[in-house]
There are 2 protein chains.
Amino acid sequence: MKSRPSVPKKRAHSPEADLEEIWAVLKGAGLRRTEPREAILLILSTEHGPFSVEELHAKVARKKIDLVTVYRCVAAFEEAGVLRRCDFGDQIARYELAAGHHHHHHVVCRSCQKAESLDDCVLEQLDRTIEKMGYAKVGHRLEFFGVCSKCQG
Amino acid sequence: MKSRPSVPKKRAHSPEADLEEIWAVLKGAGLRRTEPREAILLILSTEHGPFSVEELHAKVARKKIDLVTVYRCVAAFEEAGVLRRCDFGDQIARYELAAGHHHHHHVVCRSCQKAESLDDCVLEQLDRTIEKMGYAKVGHRLEFFGVCSKCQG
DNA sequence: TTTCGTGCAAAACCTTTGCAAAGTG
DNA sequence: CACTTTGCAAAGGTTTTGCACGAAA
């Protein structure tokens with residue numbers, strides 16, 4: 001969709017490239033560039049797979065960032081549209097980058113909770129059906145659950 | 001299975017009929033028939049639509065049933081396979097009767113959280129695809145969200 | 001400098017657990 | 001009677017809020 005003409009060494013979807021785009025959005029939302037936020041975004045853009053707030057906190061642990069700060073950051077990021085919240089039914093909120101990636105769903109291991117992404121979604125048409133039922137701002141949440149091969153042994 | 005000899009007036013799917021079937025299952029699971037449990041099941045079989053534990057508690061309020069009891073009851077019912085847990089992404093567990101109804105999904109109002117059931121599910125075939133990816137015990141969770149007509153005014 | 005973000009502490013919130021008393025089969 | 005279930009109190013775990021200090025623009 002977008003061309004990236006004069007930046008030879010960055011592949012499309014490189015963490016650095018994504019991060020700059022993201023920071024543009026965040027700036028537009030009036031959010032300042034701080035160390036905790038950079039650390040959190042770095043995790044989310046390098047390792048990808050939805051992470052709970054606690055997992056994020058653990059991953060930025062050596063930076064001595066408060067758990068509360070992580071909560072506030074992901075909340076701000078979600079509101080800015082940069083993060084997507086995923087619910088896997090265990091009452092724990094998980095977040096993944098929304099930018100760059102399009103709408104998709106996950107397969108979640110019932111044992112280790114690790115999530116894998118599914119590329120396409122065949123449900124957009126169903127959203128239209130729901131709209132015809134009288135609903136506005138329609139969207140959907142779809143997750144598959146199973147026991148992954150690693151956890152079957 | 002169940003003997004309710006002297007109650008002639010049961011249609012199939014009447015609340016009373018459903019309740020007797022349910023109690024048969026619960027008995028089989030070793031669960032005793034108590035007043036709190038009857039009250040909770042009555043709510044779930046007459047009004048239908050997934051309810052949170054707190055909503056259930058409010059609905060049986062005049063019976064002076066403890067919140068904790070409601071938690072324990074729905075947990076026991078879910079384990080017995082009589083209730084199905086629904087997650088609408090707001091970190092609150094909601095329950096609806098599983099018995100009699102087949103696998104289905106919901107449309108949830110983003111404003112009032114009221115849920116409507118969708119009859120059919122086209123995703124069973126996708127479960128097979130996930131199995132081919134190496135997952136066992138595959139299932140899925142699908143919910144649609146929107147603003148219902150009542151909440152649009 | 002003015003506004004926003006952070007850390008710390010404490011609270012709010014939903015849910016679970018322990019235990020003695022009451023109820024069920 | 002043996003056993004389960006309840007109520008109450010208290011704890012657990014995740015998330016939110018208040019406030020003073022520190023950092024960004």
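**Reading the symmetry and the DNA surface**

User: How is chain B related to chain A in this model?

Analyst: In this predicted model, a turn of 179° with a shift of 0.1 Å along the axis lays chain B on chain A, with an RMSD of 0.2 Å. That is the relation of a two-fold axis. Both copies use the same surface, since 100% of the contact residues of chain B recur in chain A.

User: How many residues surround DNA strand D, and which are the closest?

Analyst: A residue is counted as near the strand if one of its heavy atoms lies within 4 Å of it. Here 22 residues surround DNA strand D, and the closest are A:Tyr71, B:Arg32, B:Arg37, B:Thr69 and B:Arg72. By class, this surface has nine nonpolar, four polar and nine charged residues.

User: Which parts of DNA strand D lie within 4 Å of the protein?

Analyst: Of the strand D atoms within 4 Å of the protein, 68% belong to sugar or phosphate, and the rest belong to bases.

User: Which polar atoms of B:Arg37, B:Lys64 and B:Asp66 lie by phosphate oxygens, side-chain or backbone?

Analyst: For B:Arg37, a polar side-chain atom lies 2.6 Å from a phosphate oxygen of DNA strand D. For B:Lys64, a backbone N or O atom lies 3.2 Å from a phosphate oxygen of this strand. For B:Asp66, a polar backbone atom is 3.1 Å from a phosphate oxygen of the strand.

User: Which elements give two or more residues to the surface near DNA strand D?

Analyst: Chain A provides helix H4 (67–79), and chain B provides helix H2 (35–46) and helix H4 (67–80).

How values were computed. Residues numbered from 1 in each chain as written. Chains lettered and ligands numbered in written order. Predicted model: local features only at pLDDT ≥ 70, side-chain atom pairs only at ≥ 80, totals over all residues. Heavy atoms only, no water. Polar contact = N/O pair within 3.5 Å; in protein donor to acceptor, adjacent residues only side chain to side chain. Helix = DSSP H or I, 4+ residues; strand = E, 2+ residues; numbered from the N terminus. Nonpolar A, V, L, I, M, F, W, Y, C, P; charged D, E, K, R; others polar. Least-squares fit on C-alpha atoms with pLDDT ≥ 70 in both. Contact = heavy atoms within 4.5 Å.
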